[in-house]
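The following note concerns helix packing, nonpolar cores and selected individual residues. It is set out as numbered points for a colleague's reading.

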Amino acid sequence: MTGQERGPAPLLSRAETTAVLGEVLRRVRGADARLVGWSAERLKHGRHPVVRYDVRVTLGGGGDTRRYSWVGKFYRHDEAARRVADLVAALAPTGLRARGGVVIPAVLAYHPPHRVLFSVYERGQALAAAILQFGGRVVATLGRAVAAFHATPLHVATRITPQAVLDDLRSRIARGDDRVRAVGSLSGLVDQLERDLPAASGRPTGALLHGDLGPAHLLWRRSGVVMLDLDRCARGDPALDLGNLLAQWRRAALRRPGEVPGFAPVRAALLTSYQRCGTRDPGLPARAAWYERATLLRKIHSLLTDTTRHPEPEALRRRQGEAVRLLWTGT
């Protein structure tokens, strides 16, 4: 049995990885399943690292080798991993794929000793590349998918309000320093957000939200959209997800012109498709714009104050330049 690591070393030793993958395999395919080999590649760093595992197995004592691709997400807290596993299980019978073409990677197993949640690795194309290749039908499909997710009647305890978003942003900026003041008063922009605080949406209990919807958490398939990373799911105004997605799209278009489709056409097409497929909500575009401004201000603050990942002077200058461009073009 062989094991191979690609890129930065995964968070388990080779022996631990072999043992854990074998345990997951037996849970999924039965006691006769045997792990022949595996390779691992770190896909994501940060608070919850993600590793892709390509495993080679034999089943039922046969000699034919099968291959599977899994994803292991490492959590800091056991309860967070279990919450996501329960959420994905609850979403499975809601018909999301049939209603909106939404694919949520199925959970295979949870390994408590290392707090690793294993899921099926779902393939797909990056949204920007898909829109450049296939045009408006990608955005139309995306709008339909997000509307279907928001309409899912699933209870989630966490609720997000506009006031909570504003309070979080104000507390972040209060911890700022001279780098924040170097590009003007972000506090004044937060004051304007407070004056423009949106009314509640027309859904008394709120919609089911992804909570961190962005291009990095969405993949395109010709039959729909793969939606990843449900760690921040909550209930609230659907405009929050749309505003967050649009803010991240604006930033991507600013950073990679020519590689990312223009912001304004995508914004208009997404909101049109969403409204066509969801509940009639005349105030949605204005509320989405509010959440978009709030998300951009949070990102601007992060660009100016987070020096831990890339502390080199040139990298810091690039981040400050990006913050200034976002400030002038997005807020």
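The points below go through the predicted model by topic.

1. Helix 4 and helix 5. Helix 4 covers residues 127–134 and helix 5 covers residues 136–150; their axes lie 6 Å apart and make an angle of about 130 degrees. Since an angle over 145 degrees would be needed for a roughly antiparallel pair, helix 4 and helix 5 are therefore classed as oblique to each other. On the helix 4 side the contact involves Leu 127, Ala 130, Ile 131 and Phe 134, and on the helix 5 side Gly 136, Arg 137, Val 138, Val 139 and Leu 142. Seven of the residues in this contact are nonpolar, one is polar and one is charged.

2. Helix 6 and helix 8. The pair formed by helix 6 (residues 162–174) and helix 8 (residues 186–195) has an axis separation of 10 Å and a packing angle of about 170 degrees. Helix 6 is therefore roughly antiparallel to helix 8, and the crossing of the pair is left-handed. Helix 6 contributes Leu 166, Leu 169, Arg 170 and Ile 173, while helix 8 contributes Leu 186, Ser 187, Val 190, Asp 191, Leu 193 and Glu 194. The contact of helix 6 with helix 8 comprises six nonpolar residues, one polar residue and three charged residues.

3. Helix 9 and helix 10. The axes of helix 9 (residues 238–255) and helix 10 (residues 263–277) come within 10 Å and cross at roughly 160 degrees. Helix 9 and helix 10 are therefore also described as roughly antiparallel to each other; their crossing is right-handed. From helix 9 the contact draws on Pro 238, Leu 242, Leu 245, Leu 246, Trp 249, Arg 250 and Ala 253, and from helix 10 on Phe 263, Val 266, Arg 267, Leu 270, Leu 271 and Tyr 274. The class count for helix 9 with helix 10 is 11 nonpolar residues, no polar residues and two charged residues.

4. Nonpolar cores. In soluble globular proteins, nonpolar side chains tend to be buried together. Which residues have the most contacts inside the largest nonpolar core? They are Leu 91 and Leu 230, in a core of 71 residues. Helix 11 (residues 284–305) supplies the largest share of this core, with 10 residues. Another core, of 19 residues, lies apart from it and includes Val 24, Ala 33, Tyr 53 and Phe 74.

5. Surroundings of Leu 91. When neighbours within four places in sequence are left aside, Leu 91 is in contact with Leu 96, Ile 104, Phe 149, Thr 152, Leu 154, Leu 208 and Leu 230. Leu 230 thus appears in this list and is also named with Leu 91 for the most contacts inside the largest nonpolar core.

6. Positive phi values. Arg 115 is not a glycine, yet its phi is positive, at about 55 degrees. Arg 115 sits in the loop between strand 6 (107–111) and strand 7 (116–120), and its relative accessibility of 32% means that Arg 115 counts as partly exposed. Asp 229, likewise a residue other than glycine, has a positive phi near 55 degrees. The loop between strand 11 (224–227) and strand 12 (234–236) holds Asp 229. Asp 229 counts as partly exposed because its relative accessibility is 24%.

7. Two aspartates in helices. Are Asp 168 and Asp 191 buried or partly exposed? Asp 168, in helix 6, has 33% relative accessibility and so counts as partly exposed. Asp 191, in helix 8, is partly exposed, with a relative accessible area of 33%. The C-alpha atoms of Asp 168 and Gln 275 are 28 Å apart in space, with the two positions 107 residues apart in sequence numbering. For Asp 191 and Gly 135, the C-alpha separation is 38 Å and the two are 56 residues apart in sequence.

8. Leu 327 and Leu 186. Leu 327 belongs to helix 12 (residues 313–330). Its relative accessibility is 11%, so Leu 327 counts as buried. Leu 327 and Leu 186 are 141 residues apart along the chain, and their C-alpha atoms are separated by 9.1 Å. Leu 186 is also one of the helix 8 residues that make the contact with helix 6.

Conventions: Residues numbered from 1 in each chain as written. Predicted model: local features only at pLDDT ≥ 70, side-chain atom pairs only at ≥ 80, totals over all residues. Heavy atoms only, no water. Axes fitted to C-alpha atoms, helices over the stretch in contact; angles between N-to-C directions. Helix = DSSP H or I, 4+ residues; strand = E, 2+ residues; numbered from the N terminus. Parallel < 35°, antiparallel > 145°, perpendicular 65-115°, else oblique. Contact = heavy atoms within 4.5 Å. Nonpolar A, V, L, I, M, F, W, Y, C, P; charged D, E, K, R; others polar. Core = buried A, V, L, I, M, F, W, Y, C linked by side-chain atoms within 4.5 Å. Buried < 20%, exposed > 50% of the residue type's maximum accessible area, 1.4 Å probe, protein only. Left-handed = near helix turned anticlockwise from the far one by under 90°.
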